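Subject: Structure for your files

Dear colleague,

Here is the structure I said I would pass on. Please look it over alongside the notes underneath.

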Amino acid sequence: LFEKEDYAARSREIGQKIMQRFSRLQERFPTIGDVRGQGGMTAIELVKDPASKEPDAHAASEVLAAAHHRGLVLIKAGMYDNVVRILVPLIVTDQQLEQGLNIFEEAVSSVLEAEAITTAG
């Protein structure tokens with residue numbers, strides 16, 4: 001089934017779409033310290049300060065809560081609980097993937113924009 005459905009190619013396609021979206025988010029928000037992953041398993045690392053790379057577990061928790069509130073379940077990972085990880089099933093439709101990425105982007109944006117306002121104020 002893996003070969004018949006060419007899940008390896010699908011995994012690469014999913015990964016490319018996710019990494020493009022995550023990279024654009026990282027350009028908007030410098031407190032996304034790293035974007036990494038392979039195929040459908042990807043993650044963003046949240047930091048308090050881009051220069052020091054100090055982990056921001058609180059922001060990661062807030063992103064999870066904001067995503068969950070919007071209907072998307074995510075998990076935290078990493079030594080410091082500051083990594084938001086997603087694992088997309090290989091059978092996801094393009095429409096479902098887009099919907100999930102939109103929710104993810106809304107959640108990240110809402111949390112990081114609010115933090116930027118709090119920090120600046």
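The notes below take the strands, then one helix, then the largest pocket.

Please keep in mind that this is a predicted model.

Strands

Strand β1 covers residues 32–38 and is joined to β2 by six bridges, the two running antiparallel. One of the pairings sets I32 against L46 in β2. Two residues separate β1 from β2 in a hairpin, and G39, in the turn, has a positive phi of about 60°.

β2 also pairs with β4: five bridges join them, again in an antiparallel arrangement. Here T42 of β2 is found opposite I86 of β4. β2 thus has bridges to β1 and to β4.

How enclosed is β2, which spans residues 41–46? Five of its six residues are buried, so the strand is largely enclosed by the rest of the structure.

Helix α2

Helix α2 runs over residues 57–69, 13 residues in total. At 1.5 Å a residue it should span 18 Å, and its end C-alpha atoms are 18 Å apart, so the expected and modelled lengths agree.

Which residues of α2 are buried? They are A59, A60, V63, L64, A66 and A67. These residues cover an arc of only 165° around the axis, which means that they sit on the same side of α2. On the face turned away from that buried side, the exposed residues are H58, H68 and H69. After the helix comes G71, with a positive phi near 100°.

Largest pocket

The largest pocket has a volume of about 290 Å³. Its lining is made up of 15 residues, and those nearest the centre are L72, L87, V88, P89 and G100. Two elements give two or more residues to this lining: β4 (83–87) and α3 (94–120). Of the elements, α3 gives the most, with five residues.

What is the make-up of the lining in nonpolar, polar and charged residues? Twelve are nonpolar, two are polar and one is charged.

β4 therefore appears twice in these notes, because it is bridged to β2 and also gives residues to the lining of the largest pocket.

Best regards

Conventions: Residues numbered from 1 in each chain as written. Predicted model: local features only at pLDDT ≥ 70, side-chain atom pairs only at ≥ 80, totals over all residues. Heavy atoms only, no water. 1 Å grid on protein atoms, 1.4 Å probe; cavity = no way out; pocket = protein on both sides within 12 Å on 5 of 7 lines; lining within 4 Å. Points joined across faces, edges and corners; volume = space filled by probe spheres on them. Helix = DSSP H or I, 4+ residues; strand = E, 2+ residues; numbered from the N terminus. Nonpolar A, V, L, I, M, F, W, Y, C, P; charged D, E, K, R; others polar. Buried < 20%, exposed > 50% of the residue type's maximum accessible area, 1.4 Å probe, protein only. Pairing = 2+ DSSP bridges. Expected span 1.5 Å × (residues − 1). Arc of directions from axis to C-beta.
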